[in-house]
Amino acid sequence: MTEELEQILSQLTQPDNAVIQQATAQLKQAFKDPAIIPALCAVMSGSQNPQIRQSAAVMLRLRVKKHWKNISPNDRESLKGVVLQAFMQETEHTVQHSLSQLCAVMVKHETPDRWPALLQLLNQSTKSSNPHDRQVGLLLLNKVMESNPEPFQPHYCQLLQLFSTVLQDHNNPTALYYCILTLTAITPYTGSGEMNQMRSLIPGLIVALQHLIKADESQASEAMEVFNELMESEVSIIVPHVADIVRFCLEVGSNTTLTDSLRVKALSCIAFLIKLKSKTVLKQKLLNPILQAVFPVLVAAPPPGEQDPEDEEDDSGDGTDNDNPKHCAAQIIDTMALHMPPEKLFQQLMPLTQACLASEDPYQRKGGLMCLAVLAEGCADHIRTKMLSSMLQTVCQSLSDSNQVVRSASLFALGQFSEHLQPEVSKYCAELMPLLLGYLSSLNQAKVGHVTKAFYALENFMENLGADIEPYLPTLMETMLSALNNTDNLKIKELAVSAIGAIANAAKELLVPYFPPVIESLKGFLTTTTEEMRSLQTQSLDTLSVLARTIGKDVFSPLAAECVQLGLNLTDTIDDPDLRRCTYSLYSAVSTVSPDCLTPHLTAITTVMLLALKSNEGITAHLEEDKTFVLLDDEDDDDNEEGKDTDDFLLDETETETDETDVHDVAGFSVENAYIDEKEDACDALGEIAFNTGAAFQPFLESSFQQIYGMRDFPHEDVRRAAFGAMGQFCRAQHQVWKESPTEANHQALLKLLDVVLPCFVETVRTEHERQVVMGILETMNGVIKSCKEEVFKNPARLKEVSYVIRDVLKKKTVCQDGGGDEADDEDQQAEYDAMLQEFAGEGIPLVASSVPADSFAPFLNDLLPLIMGKAKSSCTVADRSFSVGTIGEILQALVNVPGGRGVAGRLSNRLLPVLVAGVRDSDSEVRNNSVYGLGCLAQAAGPIAVSDYPMMLSVFSNLLAKESDPRVIDNLCAALCRMIMSNVDAVPLEQVVPALVSHLPLKEDMEENKTVFTCLAMLYTHSPALVVKLMKPIVAASTHVLGNAKVDKETQSTVAVLLKEFAQRHSADFQAAVTSLPGEQRATLSAAIS
């Protein structure tokens, strides 16, 4: 059989398809014969042709992998011997490679201890005096270890000793390479016993890498992965060596004679370190050295005659090209902004940036602007409150720089500012919009790359303007519609469609007059099927979704059914993850406007989305053999078991690899972004559709939940975050269904769901590495508690679980907060996103407080309050102080409406009063505002107990009123006085307080508080009618601002109308006088409301 098999295998390597097909059929036959194993062994060790030896080894590997249990014990034993013998006598590297992988698969089935000959061979070869034997031994060790890191754990100490020797073998770069790869593979599995040994390897590891770089840069680049693995699995190993690792990576990253990919690897190690251990970097004073090394990379001019990738004409404008050192340098600064306290970062960074901005060299100026741009996300509060106008001025001046490279960078910076520095940046509308519109009008259509950047800045700026966009609408829409109708350039059309979406987000119903021509254009784009239209169609779907959410129900509803049909037609005819993803968002948007249109299509829609979640498409396994040959699966499935077996074995090799998702056999996975985005959007859409379609979604809830619950460990953090978000939406959806149809079955379904979801949330908040995911979970959990209230806490253990996890985040004890490391950090200074994470946790406290009886929550609240109050200190940031007093106010407001709340609020009042009173005197208006609100809520929640503090509170308020200029603070002051009056009317000197209160009406900004104010006035009218009648004129005038005001809820408007009717009936003369003194328009509003 051996010769026959060799014949078949050689035919498989022929360039002739017919020959290959025939050989494949023969091979299938051969595999039905149990003698195939010895025959393959013979070919593998005896054939003269290395390609055939390799093929035999690969076939054996696949055979062993799937059918080890079907191989007879004798064949197994002889196979073990043959493989090792073949390995030792083999001279071709590719064949050795395949043989070592075959060994790796066998170890999986056999465990190392049942194959002593292998251990012996590894031991001898790796310690051999012959350098070639050492290389080969380390290759074998590497493959075997990568596939089976755990079974070898008992041998780790020995291995690490071996590594420390091999790392000194500087003249044998191949040995160094395999040694470092093996170290990388076992790192996640090492335990505390190996820590000291691992630590002692680091200095030698750095030197070994320096030698490997000289020998082979691409191997060195792969080997540098060891640092990421060490940082991720056991940071404490590298902490003592952080300075050396940083120095080494900076040397490599700054060395322009090395390849870009190696420099990128080195610089991304630094970014990763900053993300995981920013405190250590600061503590070891590495910030300045890193910046000093990174800036020259950031501002380097490209080689003569070349441009940076983002300045080339065909750049897509979305900054996706991350594989060059300059991008990595910007990424390092971006990571610093996200993970370091802004004060510490800016102190070191700003002098360098300012020097660049003042330079004669355009690439220095560009680098300075890129630096400002990447700071905007992580240091938003710092920039908004301390340096916005100066930074904007710099960027605006650069918009008219003589050099296009600089102008492009300033457009990018402006786009970043617009996205992250809201709402303050929108206040510069009058200065910025004319600049941006000027840019669009003078655009030379040919330079699409630059146009793209102008659109990016314009979109981000417009999106958040709200009604302030109105004066610019005619010009904007004229520009966009003419681009849709008159240009042949598809990219410009796509940019215009995208911009219309941004305009709609701001303009909302102001866009109605332009709606018909926009819809006509979009429909036109969406009904063609040519390939080059694809990205324009994707963008059109996105904009259609925005219009569905913003233009108003009445305008969009008539189109809803047609939109759903459009989406379904597109996904039926075109297979494209981006297009599918945008249809999910469209269905989701339609569900907010007219859920009934989706109901008939739910089966089709959920099927497509669940398939997208299940699919492995776009995930490529990098196989060790680059498809030396691929045997395709035959269609004719043989019925007998043996035939099935063979077919199964003869699957396309890549399929067997990924079906089993046997990670160790695969050199790595790469996932196309489009498929990741599709999964993320499918999760988001399923959650929202489930919530909006309610009972109609019930048949799909179980299967959707199962599929999404399975995504909670997905490798990509955006998908994990979306999956948790959807799980929360499913809980809220089920709660809604139960509320509408309160059957026992619906209730049990809700409780069952909550019992799975909440423990999962709590656990993941503690263990998840990615801060963004944890923030998403906390936000989702808050949403679930807010909707489902006491149902969340039906399970007796739940209150404690949720309270403790909030406490752990506030104490920075979770994994993503670098919990448990360097505890001596300066508490008041932290990265803004770290503070934001704590805010999400803190927002949960009032939500829990309003869902359970106050006495059950009191012991947990006692633990949590000091953590919140600690952030009100004057040394804390404005954001922290505002959060602290705001949360206290919300907690007190929650206690107003729960059983036992009054007693708990009364017991807390002595602790909370000083914090709130200090807040009223704060220099920041938002802190004052929240403190005033909190004092009002304290009076309302504590009831009679608070009376003794009334004189002090009234004097604080009276002092504030005398000098306050911020309209929102004054609104809240009025509301706080009203809460005091309603809570203890006899404790307030009404004759002085009420006229002062009424003189500050109508409310200017905080419209929600009209409810408090007019409820109080109505109560006063029954309590002291004479006082109210005396103030009728200003009260009537104020009420005309409430009636018919879209920002005031209906209930409040009817309270006002009832009060006015009382006035009209009982005090008609005073009332008429008050009405007569009003301007005509207000009179009309009034008579409409009370007639």
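pLDDT is the predictor's confidence in each residue, on a scale from 0 to 100. The model shown here is predicted, and that confidence stays under 50 over residues 621-669. For this stretch the model has 102 contacts beyond four places in sequence. Where pLDDT is low, the predicted coordinates should not be read in detail. Helix α34, covering residues 653-659, has the lowest confidence, at a mean of 34. At the other end stands helix α39, residues 771-788, where confidence is highest, at 98. Over the protein as a whole the average pLDDT is 90, and 93% of the residues score at least 70.

The secondary structure consists of 54 helices and 2 strands. The radius of gyration is 35 Å, close to the 31 Å that the globule rule gives for 1091 residues, so the protein is as compact as a globular protein of that length. Measured out along the principal axes, the C-alpha trace spans about 120 × 70 × 60 Å.

Contacts and burial fill in the interior. Between residues at least 6 apart in sequence, 74% of the contacts join residues at least 24 apart. A residue counts as buried when its relative accessible area is under 20%, and 56% of the 1091 residues meet this cut-off.

The surface and the charges remain. Accessible surface amounts to about 44,800 Å², and carbon and sulfur atoms account for 51% of that area. The protein carries 85 positive and 145 negative charges, and the mean positions of these two sets are 9 Å apart.

How values were computed. Residues numbered from 1 in each chain as written. Predicted model: local features only at pLDDT ≥ 70, side-chain atom pairs only at ≥ 80, totals over all residues. Heavy atoms only, no water. Helix = DSSP H or I, 4+ residues; strand = E, 2+ residues; numbered from the N terminus. Rg over C-alpha atoms; globule rule 2.2 N^0.38 Å. Buried < 20%, exposed > 50% of the residue type's maximum accessible area, 1.4 Å probe, protein only. Contact = heavy atoms within 4.5 Å. Areas by Shrake-Rupley, 256 points an atom, 1.4 Å probe, with all protein chains shown as cover. Lys, Arg positive; Asp, Glu negative; His and termini not counted. Charge placed at Lys NZ, Arg CZ, Asp CG, Glu CD.
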